[in-house]
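This report walks through one protein model and its bound ligand. Look over the sequence and the structure before reading on.

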Amino acid sequence: MTDQISQVISNGELTAGYWRIVFRAPDIAAAAVPGQFVHVQIPGLKDRILRRPFSISSVDKTAGTVTVVFKVVGLGTEELTKVPVGADMPVLGPLGNGYAMREDKTPILVTGGYGSASTLFLAECSAKKGIVLMGARTEQDLILVEEYKALGFDVRVATNDGSCGHKGFVTELLDQALKDTPDGVIYACGPKPMLYALGKLAIPTGVETQLSLDQHMCCGVGACFACVIKMNDPESPDGFRYARTCSEGPVFDATEVYYE
Ligand SMILES: Cc1cc2nc3c(=O)[nH]c(=O)nc-3n(C[C@H](O)[C@H](O)[C@H](O)COP(=O)(O)OP(=O)(O)OC[C@H]3O[C@@H](n4cnc5c(N)ncnc54)[C@H](O)[C@@H]3O)c2cc1C
């Protein structure tokens, strides 16, 4: 893990409300594995000193660059859209554990909203091409569809309002995807309710399922315990223990998670 001053190479709107920023960070690019994240000190956030975490969406090891795709949700991400090309930006990473890649199995990626950013890096690194089950509230929230297709993935879409693909939850596409992929392994990133619903559906099937839980976090390195979630612990009287998503995750096996 390094904390380096990265130089912004490009920063532009990908689609309404979603941006893609590329910055030069050779040490992070060299070390990163899919599912890890960077912790960004956003220039312009003068009175808010906490960094913001973003999944590594892609790396170019030769050029030494890292790509992040982000949704504008608040002050920090709004400021991030304003960072100009050439600006210096402190970035800590790569952080977290990343997905355990099962190269002998076919990936089934299940994503919600900006979760598609995290699994794109996995899709790039995966020798076997599989299926992406991409969920979004509406068509405008679908991101990176063409990038997944260009990598040879079969993209299946669900939107809550039916504006594109299946009308309903992305988890409703899982059954068919599992039938189509007998040697599948599930990697998922998205909102916590979606991931918890997915975990509960996937566990009885016996298919290995890895969930990237993007919990709110502060330090990003395991010191502050702001990002804990409950994990199964049969030894504990309550049946659970707390795990830090930043340092013990963000990726957890679905069977480890304590579903409330
Ligand atoms: C490991 C990890 C990876 C992430 N990867 C990405 C990514 O690739 N792309 C991306 O767009 N975002 C990602 N996020 C979420 C991103 O960090 C937050 O959206 C960002 O920090 C919000 O900052 P802000 O100052 O704009 O918003 P704030 O002003 O801090 O908050 C605005 C709104 O966003 C909500 N929010 C803040 N943080 C989170 C969070 N972690 N999860 C859900 N809601 C949140 C707040 O509750 C509030 O409603 C990731 C988060 C984690 C923990």
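A residue counts as buried if 20 or more other C-beta atoms lie within 10 Å of its own. By that rule, nine of the 11 residues of helix H3 are buried, so H3 is largely enclosed by the rest of the structure. The buried residues of H3 are Gly115, Ser116, Ala117, Ser118, Thr119, Leu120, Phe121, Leu122 and Ala123. The model is a predicted one.

**The sheet and H3**

What does H3 pack on? Start with the sheet. Seven strands form an open sheet, in the order E4-E3-E7-E1-E2-E6-E5, with antiparallel pairing. E4 and strand E5 (58-60) are the edge strands, and each pairs on one side only. From one strand to the next, the twist averages 35°. H3 packs on this sheet and touches E4, E5 and E6. The direction of H3 makes about 50° with that of E5.

One pairing can be followed in detail. Strand E3 (residues 37-40) runs antiparallel to E4, and four bridges join the two. Here valine 40 stands opposite arginine 52 in E4.

**The ligand shell**

Now the ligand. It is surrounded by 21 residues. The closest are Ser55, Phe70, Gly74, Gly76 and Thr77. Four elements each supply at least two residues of this shell: strand E4 (52-55), strand E6 (65-71), helix H2 (75-81) and helix H3 (115-125). Which of them gives the most? E4 does, with four residues.

H3 thus appears twice in this account: it contributes to the ligand shell, and it packs on the sheet. E4 likewise supplies shell residues and is an edge strand of the sheet.

By class, the shell has 11 nonpolar, seven polar and three charged residues. Both domains take part. Domain 1 (2-95) and domain 2 (106-214) each provide at least three residues of the shell.

**Backbone details**

Four backbone features deserve a check on screen. They are listed here with their angles.

| Site | Feature | Angle |
|---|---|---|
| Glycine 93 and proline 94 | cis peptide bond | omega about -5° |
| Glycine 249 and proline 250 | cis peptide bond | omega about 10° |
| Leucine 144 | positive phi, not a glycine | phi about 65° |
| Phenylalanine 225 | positive phi, not a glycine | phi about 60° |

Where do these sites lie? Proline 94 is found in strand E7 (residues 88-95). Proline 250 is in the loop between strand E15 (240-244) and strand E16 (251-253). Leucine 144 sits in the loop between strand E9 (131-136) and helix H4 (145-150). Phenylalanine 225 belongs to the loop between strand E13 (209-213) and strand E14 (228-232).

Is leucine 144 buried or exposed? Leucine 144 has 26 C-beta neighbours inside 10 Å, so it counts as buried. Phenylalanine 225 has 13 other C-beta atoms within 10 Å, so it is partly exposed.

**The loop after H3**

Lysine 128 lies in the loop between H3 and E9. With 15 other C-beta atoms within 10 Å, lysine 128 is partly exposed. Which residues does lysine 128 contact, leaving aside its neighbours within four places in sequence? They are Thr106 and Pro107. Glycine 152 is 24 residues from lysine 128 along the chain, and the C-alpha atoms of the two are separated by 9.2 Å.

Technical notes:
Residues numbered from 1 in each chain as written. Predicted model: local features only at pLDDT ≥ 70, side-chain atom pairs only at ≥ 80, totals over all residues. Near = placed C-beta within 6 Å. Nonpolar A, V, L, I, M, F, W, Y, C, P; charged D, E, K, R; others polar. Domains from an automatic or database assignment. Buried ≥ 20, exposed ≤ 12 C-beta atoms within 10 Å, placed from the backbone. Pairing = 2+ DSSP bridges. Axes fitted to C-alpha atoms, helices over the stretch in contact; angles between N-to-C directions. Contact = placed C-beta atoms within 7 Å.
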